Amino acid sequence: MKLDSPSRRRFLGALGAAAAGIAGCQSPGRSDPDPDPGSTGADDQTGSAGESAVSEAYGSAADAVASIRVYADDGGGSQGSGFLVDDRHLVTNEHVVAGGSDYHVRFADTGWREVSLVGADVYSDLAVLRIDDSPSGTAPLSFVDSDPPVGTQVVAIGNPFGLAGSVSAGIVSGVDRTLESANNFSIADAVQTDAAVNPGNSGGPLVTVDGDVVGVISAGGGDNVAFAVSAALTQRVVPTLVGGDEYEHSYMGVVLQDVTPRLAEAGRIDPEAGVYIDQVVEGGPSDGVLQGSDRRVDQSGVEVGVGGDVIRRLNDTRTPTRQELSTFLALETSPGDTIDVTLDRDGQRQRVQLPLGTRPDP
């Protein structure tokens, strides 16, 4: 599936994101010269009700969080964060390791250790590193079973601007968000938080006060809007990467838009919540099954595509927006599955079957 919304970088830029607009694209060199492993870097919350919970969350998870430095053959590089998911593997972001040739990690009580890249998936912004000598006695982090309710207190742990062992606190301020990955494809089911996230935080864990991972921090710029790849998507992708294989994402081969009042008026379609198909990719899974715009009309000075299908359900799941549609594809389907698509076409409700393909290489 493709989305026609602005890219993640442009979107975060519009929100005032700093640097490259993502949390981990910081060049090596701007780091703590000799960070104190015992320093949490937490905001002063003396006397606040949340101080104990934040401190306990940090204490339960911080030992499994590492600083990451990546070096490229051309002399460039980046730095970010990562965390242990078992005795030999760390999870981080794909954009942290992209273009690298040498990878090093440092935990709170260790020096730098060389690690190897096992696998990376650009479409979920996840990567896995293998370490042969993880710190003795350090417990890997576990994941939550499902997206926590909006308002749940969470803690971001990582290395913003290279400041090792930093923590910031906030809440889950949204779930089921959609971010952009390569070639305008989407990362579904992202978790939104108001915890401060900055360059260098990328790949670090966003955890509950119990120390369970809500998501892998992916994007933010120090404002009150940041995003993490959800625990649910991470747990689908990471085992495949650990096994040395490429993760395959389901693919419809369409360009989508939410049904807005302007689109509904221009296309004379029912304004009931749904997802409009603006384009069908030639040769893709939806070619010959679904229908995109057949013409464009001027609507209040804006060109709008009309004549396309409006998706109302995938199988028995309602798809009122692109977010719900993306999440269903990402978490409930695999390439090769055939799904039932309930749609409106030319004013008539129909149900068609769509065999899903595999998302093409970026």
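This briefing covers one pocket and one strand with its pairing partners. The model is predicted. The pocket is the second largest, with about 260 Å³ of space. The strand is S19, residues 310-314.

**Second largest pocket**

- The lining consists of 14 residues.
- Asp121, Tyr123, Glu246, Tyr247 and Asp361 lie nearest the pocket's centre.
- By class, the lining holds seven nonpolar, five charged and two polar residues.
- Asp121, Glu246 and Asp361 count as charged, while Tyr123 and Tyr247 count as nonpolar.

**Strand S19: burial**

- S19 is mostly covered.
- Of its five residues, four are buried, that is, under 20% relative accessible area.

**Strand S19: partners**

- S19 pairs with strand S21 (residues 338-345) through four bridges, in the antiparallel sense.
- Strand S16 (residues 275-280) is joined to S19 by two bridges, and these strands also run antiparallel.
- Strand S20 (residues 317-318) pairs with S19 over two bridges, again antiparallel.

**Residue contacts across the strands**

- Isoleucine 311 of S19 is the bridge partner of valine 275.
- Isoleucine 311 also stands opposite leucine 343 in S21.
- Arginine 313 faces another arginine: it stands opposite arginine 318 in S20.

**The S19–S20 turn**

- S19 and S20 form a hairpin, with two residues between the strands.
- Asparagine 315 sits in this turn. The phi of asparagine 315 is positive, at about 55°.

Methods: Residues are numbered from 1 along each chain as its sequence is written. This is a predicted model: local features need pLDDT of at least 70, side-chain atom pairs count only at pLDDT 80 or more; totals for chains, interfaces and linings use all residues. Side-chain values use heavy atoms; hydrogens and water are left out. On a 1 Å grid over the protein atoms alone, a cavity is a set of points where a 1.4 Å probe fits but cannot get out, and a pocket is an open set with protein on both sides within 12 Å along at least five of seven lines; lining residues have an atom within 4 Å of a point. Grid points are joined across faces, edges and corners, and a volume is the space filled by probe spheres set on the points. Buried means under 20% relative accessible area, exposed over 50%, partly exposed in between (1.4 Å probe, protein chains only). Two strands pair if DSSP finds at least two bridges between them.
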